[in-house]
Amino acid sequence: MGGHEYVPEIATDRNGVEHEVQGWQDDFFGGKLGFWLFMLTEVMMFGSMFLALTYYFTLHHADFINASSSLNRYLGGFNTVILLISALTMGLGLLEMRAGNVKKAKLMIWATIIFAVIFLGVKAVEWSAEYSHGIFLGLPALQGGGAESLPFGEIMFFGLYFTMTGLHGFHIIIGIGIMLWLLKRINAGKVTKDHYILHWNIALYWDLVHLIWVFVFPYFYMIGAGDITGGVGHGH
Amino acid sequence: MSKSYLDAGETHCAIGHPKSVFWQWMLTVDHKRIGIMYAAVMFVFFFVAVFTAVLMRAELFYHGPQILDGDTFNQAFTLHGVIMIFLFIIPGIPAIFGNIVMPLMIGAKDVSFPRLNWFTFWLYIFGCIVALTSLFNFSITEGELVFNFADTGWTFYAPYSLNTGTNVVTTLVAAFILGMASILTGVNFLVTIHRLRAPGMDFFKMPLFVWGIYATAWIQLLATPVVGITLVLAIMEKYFGIGIFDPSRGGDPVLFQHLFWIYSHPAVYLMILPAFGIMSEIIPAFSRREIFGYRTIALSSASIAGIGYIVWGHHLFTSGMSDLAKTIFSFLTFFVAIPTGIKFYDWVATLYKGKIVLKSPMLWALGTIITFAIGGLTGVTIAMVGSDIHLQDTYYSVAHFHYAILGGVVFLLFAGMHYWFPLVTGKFYNEATAKVAFYLNFIGINVLWFPMFIAGYLGMPRRYFDYLPEFEIYHQVAGIGALILVAGLLLMFYNFISSWKSGEKAPHNPWGATTLEWHTETLPPILENHTKVPYVDFNPYEYHHGQPKVKFDYKTMQRID
């Protein structure tokens, strides 16, 4: 695992034909496969949360729509656009890297980081607005059984909302971290035109993070977009 | 004399090139060393869990409370279950032999991501430490020492797990971290098997243990994230009361059971598939005969993994599910028995007209055919909705899964430990002692668990710390069985440890096996396994008149037969 160039071993069969041995070193396809498989686990993880969300949406239909209508669709929509653009810059950065334009690739990664920070900033504004309205994990409105409590369905909606957007935000933070690490590796000359697997995988990660948000946005923000009742009657 | 991977300095490290032997082990990325370290940690925990089990058996020996009170008993079976399931048996065979043997079997020099493998091992250790902190979390109430270890059982069923005052959260966090380690192991092995097979080795030339590891890795990958997020939701519920699993807040506790078993049922196949792989290695090697139905065994591993993913509902027959769903889940569960049955017939057919050598690995394998058959067939009886209503949560199901898991998975793990002991250590264990230990274990497990089938059928519920006097006889027989079993376990591990220190040196390929892990120049193998990577143009279990057909020149790894 030193810096010297890896030379694959040759296996010779009984007819004297030589076959190149795939080592764990310098295995672009293996690195790609591994990261795709890891992304599959992310899909399973968020998928089961969406499953729970869908199930409770059928159980507490009116409450969910009601709670959803109180979310700020402009901020949520703005963040959706921000993430879409950041996915574009990330992808462009990878193209630049493969074309050998290291400087432009780095610029694009920096742009992605900035968009990610903007996303988190908007999220912080949203959460603090919700907090000032008394809606946050652990506050009385989201504790069942009290005088100030919201209906069960709304508590559950906000519980899932904070859990899932929180987990998504955690992925954004991780993303910023690994992008900074990627920049460091590029500066150290470890990620180049010919060895860009790390860049590739981080771009893939960022695509998934953006893709999850594409599902989070309609599921939480848009289901209550019709009007205050979302087009159905509810009991209070 | 060339060096082996166990010698000082013979390792690659994740960080730097440390001089000290200790740091060479702590930082090693060598798959064989990592496998040994997993084994060492796991068996320490295994014996902690065995000790807890013995404590419970001692309490149950006489009717009425003696040693443990009810609350402590609840914590004891939780501790036993959490350690056995999450720390020992789920990572178990993949982490130990998947690491040590699988790359050797496919002619690779290491796994695809050796550094990730090192990181995964330490993530596993971190998970174990978190689990231990929840164990040692205690408070002093009115001058008495009160332990706050979780008392929910290893299944953490809501809503009780959300309401109990004991320390469930750290246990949940530990299970989450261990799950992450399991996922990373799965990713690593899948890529390794896809990418690093020696030239010429297609999927149907892989040894069957590799097939078992492959099917297992898919389960680790697809099922573990589901339980991971379920545990996170349970933590959110417990801290913030979002109501998701709490019926008093509009939630549905049965959803927890669904999400939990979507993982935890495939998890039992995750345990057994690599164990079946070990069986498929030992049976042909000690019958000196090509395995019967190679392709059916390989494909049944894959189909067990596939079908096993959609049968979880049979844990919920008494939890509230529609009759249609119960019928479908029951039916699907029967289907798992088919590929399992195929494997059993293939193994028995391999024995037929073979030159059977009754060495201890073979004894363990043959013993497992009996104990796992009992465990498996009693599983079919409780897959039926009608009989399950009667037998759910009784000693019958306890006996069933202990026969299947201890009598199947752990027995085959022990079989593998005997089989690969010369490979890993270069030494031979004492064969006579090993045989005595096997018979003690085999008699012990049957005396311990067979009476529980009867007690359970007559109505003895599981997880109770006391019982009606008429059940005393079953508990006393079981208690004696537990002592025999523990004696067998201790004798076996004494044999392993003393033989590693001072056993006689093992000859090359001592069992006359055919798979690549035995075709190394030295025993134990060198750091990067084979001297050269062979070209694989042969099937894994080719015998000719009871002798391995394929022979190598170990310097060049060219075939000379």
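User: What makes the crossing of α5(A) and α6(A) left-handed?

Analyst: A crossing gets that name if the near helix is turned anticlockwise from the far one by less than a right angle, and right-handed if clockwise. In this predicted model, α5(A) passes α6(A) in just that left-handed way. The names come from DSSP runs numbered from the N terminus: helices are H or I over at least four residues, strands are E over at least two. A quick word on labels: residues are numbered from 1 along each chain as its sequence is written, while chains are lettered from A and ligands numbered from 1 in the order in which they are written. As for the predicted model, local features need pLDDT of at least 70, side-chain atom pairs count only at pLDDT 80 or more, and totals for chains, interfaces and linings use all residues.

User: Why is α5(A) called roughly antiparallel to α6(A)?

Analyst: Look at the angle. Helix α5 (residues 152-187) and helix α6 (residues 197-222) of chain A pack at about 160 degrees, with their axes 10 Å apart. Axes are lines fitted to C-alpha atoms, for helices over the stretch in contact, and angles run from 0 to 180 degrees between N-to-C directions. Under 35 degrees counts as roughly parallel, over 145 as roughly antiparallel, 65 to 115 as roughly perpendicular, and the rest as oblique. The angle of about 160 degrees is therefore on the roughly antiparallel side of the cut-offs.

User: Which residues make that contact, and how do they divide by class?

Analyst: Contact means C-beta atoms, placed from the backbone, within 7 Å. Among the residues involved are A:Y161, A:M164 and A:H168 of α5(A), together with A:L198, A:Y205 and A:W206 of α6(A). The residues of the contact divide into 15 nonpolar, 5 polar and 1 charged. Here Ala, Val, Leu, Ile, Met, Phe, Trp, Tyr, Cys and Pro count as nonpolar, Asp, Glu, Lys and Arg as charged, and the others, Gly among them, as polar.

User: What makes A:F136 partly exposed?

Analyst: Just count its neighbours. A residue is buried if 20 or more other C-beta atoms lie within 10 Å of its own, exposed if 12 or fewer, and partly exposed in between. A:F136 has 16, so it gets the middle label. You'll find A:F136 in the loop between α4 (102-132) and α5 of chain A. Leaving aside neighbours within four places in sequence, A:F136 is in contact with A:E130, A:Y131 and A:L142.

User: How do you know that α2(B) is roughly antiparallel to α17(B)?

Analyst: Same routine. Helix α2 (residues 31-61) and helix α17 (residues 472-502) of chain B pack at about 155 degrees, with axes 9 Å apart. That angle makes α2(B) roughly antiparallel to α17(B). Their crossing is left-handed. Residues that meet there include B:V50 and B:V54 in α2(B) and B:A478 and B:G479 in α17(B). By class, this contact has 8 nonpolar, 3 polar and 1 charged.

User: How do you know that the radius of gyration of chain B agrees with a compact globule?

Analyst: The radius is taken over C-alpha atoms, and the globule rule is 2.2 Å times the number of residues to the power 0.38. For 561 residues the rule gives a value near 24 Å, and chain B has 23 Å, so the two agree. Buried residues make up 56% of chain B, which has 17 helices and 6 strands. Its C-alpha atoms fill a box of roughly 70 × 55 × 45 Å along the principal axes.

User: Why are B:N529 and B:M557 called buried?

Analyst: B:N529 has 22 C-beta neighbours inside 10 Å, so it counts as buried. B:M557 has 21, so it does too. B:N529 is in the loop between α17 and β3 of chain B, and B:M557 is in the loop between β5 (552-553) and β6 of chain B.

User: What is the phi of each, and where are the cis peptide bonds?

Analyst: Most residues other than glycine have a negative phi, and most peptide bonds are trans. B:N529, though not a glycine, has a positive phi of about 65 degrees, and phi of B:M557 is near 55 degrees. One cis bond runs from B:A158 to B:P159, with omega near 0 degrees. Another cis bond joins B:L523 and B:P524, with omega about -5 degrees.

How values were computed
Two residues are in contact if their C-beta atoms, placed from the backbone, lie within 7 Å.
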